[in-house]
Amino acid sequence: MKGIRQLAEHLNISIGTVSRALNGKPDVNQETRRRVLAAAEELGYVANQSGRSLRQGETKVIGLMIESSKETVENADNFFLGVTSGLQSVFSRHKLDLIMLPCPSDEDPHEYLKRMVARRIVDAMIISDTQRVDRRIDFLSRGKIPFVALGRSLSASNVPWIDLDFEGVADHAVERLIALGHRRIAITAPSSEANLGYLFIDGYRRALERHDIAFDPSLVIRVRSSEEGGYQAAHELLLLEERPTAVILIYELMAIGLYRRLMESGVMPGRDLAVIGFRDAPRARFLQPSLSCFRISLYDLGVALGRMLLANMPVYREFYPGDGGNIIWPLELMPGESDAFDPKTGEKEFEPARLSFDNRTVEF
């Protein structure tokens, strides 16, 4: 079955009557509507939504643009899965669909976005991985295209965004480590121009200044936000003439690579180097010693993102009158064992964990 014309010919009914029956118009009697719906189901008829979208000037589709690369696939966690679950819970109330738009790492995100907009496949956009200066924001703003950014940028003003509290995480982590006795604290940052890296370092620098600790550029390790990046970060830290006693990670899965490289050199996380991760990712929960990190509800973040986007779309604005303002999303510290030791004595600040098997007990 190719279209409504073939369905009408099959039923020997006018195209107009079939169209009204499919769209639930009241001027079609119940028996005719029943016949039309039954035949459409039997013959596999599906309405041409692209044609309807052109006529109505909307697609009922929201696009979520994300970075796609070998690295992001291999190091994928549940971040966007959790966010999209929250987004869809909002969009489904208005019969809106969400599609993922993965931008290849070897393509300019600005050009990719322009192509998606030119094809008119979505009514609005959610962009992520915002850069320090992000041309996508300027393009969407100039084009009056409804959008919201998952992340801040120096580009344009008065644009809707939600961002994680990167400064707050760095500040809280530094305060915690200083309270435990650390003075030489390293930090990792993305090797890209992602704005979150600048925010993270700014929070770190301000926290050090409050305690009269000089900012040391050699303690800012710029690597890829991946397990391999964590391995490289640990390698660079080990090469420093004066090693730090603690490190704060910008990406949770970096801890896996970092633990591996440290242990290869006989350096024990949680005993010789305090480690604080960024987010509580499922794969990082299996690390030992357990990783101190921060908790966030990805579902709630997605809900807030969806509501903010619709609040900035004229058709849906009335449903979300109080959701148009920008948000810095807080994270809650989850203390673990990876930083619970005194850097002066090396003694742990927690009871040692014990595993028992075959009538033996192993302490670590």
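## A buried threonine in helix H6

Threonine 84 is buried, with a relative accessible area of 16%; the cut-off for that word is under 20%. This comes from a predicted model, so treat the walk that follows as a tour of that prediction. The residue sits in helix H6, which covers residues 79–91.

What does threonine 84 touch, leaving aside residues up to four places away in sequence? Its contacts are Leu64, Leu98 and Met100. There is also a link to the backbone: a polar atom of the threonine 84 side chain lies 2.9 Å from the backbone oxygen of leucine 81.

## Helix H10 and its neighbours

Next, have a look at helix H10, made of the 16 residues 195–210. At 1.5 Å a residue, a helix of this length should span 22 Å, and the end C-alpha atoms are 23 Å apart, which agrees.

Many names appear on the buried list for H10: Asn195, Gly197, Leu199, Phe200, Ile201, Gly203, Tyr204, Ala207 and Leu208. Which elements do these buried residues pack against? The partners are strands S5 (161–164), S6 (185–190), S7 (220–223), S8 (246–248) and S9, together with helix H9 (166–179). After H10 comes aspartate 212, with a positive phi near 55°.

## Positive phi in two loops

Most residues other than glycine have a negative phi. With that in mind, here are two more residues to find in the model.

Aspartate 129 is not a glycine, yet its phi is positive, near 55°. You can find aspartate 129 in the loop that runs between strand S3 (124–127) and helix H8 (135–142). Its relative accessibility is 34%, so aspartate 129 counts as partly exposed.

On the other side of H8, lysine 144 belongs to the loop between that helix and strand S4 (147–150). Lysine 144 also has a positive phi, about 55°, although it is not a glycine. Is lysine 144 buried or exposed? With a relative accessible area of 72%, lysine 144 is exposed, as the word applies over 50%.

## A cis peptide bond

Most peptide bonds are trans. Where does this model have a cis peptide bond? One joins glutamine 288 and proline 289, with omega about 5°. Proline 289 is part of the loop between strand S9 (274–279) and strand S10 (292–295). Strand S9 has already appeared in this tour, as one of the elements that the buried residues of H10 pack against.

Note on methods. Residues numbered from 1 in each chain as written. Predicted model: local features only at pLDDT ≥ 70, side-chain atom pairs only at ≥ 80, totals over all residues. Heavy atoms only, no water. Helix = DSSP H or I, 4+ residues; strand = E, 2+ residues; numbered from the N terminus. Buried < 20%, exposed > 50% of the residue type's maximum accessible area, 1.4 Å probe, protein only. Expected span 1.5 Å × (residues − 1). Contact = heavy atoms within 4.5 Å. Polar contact = N/O pair within 3.5 Å; in protein donor to acceptor, adjacent residues only side chain to side chain.
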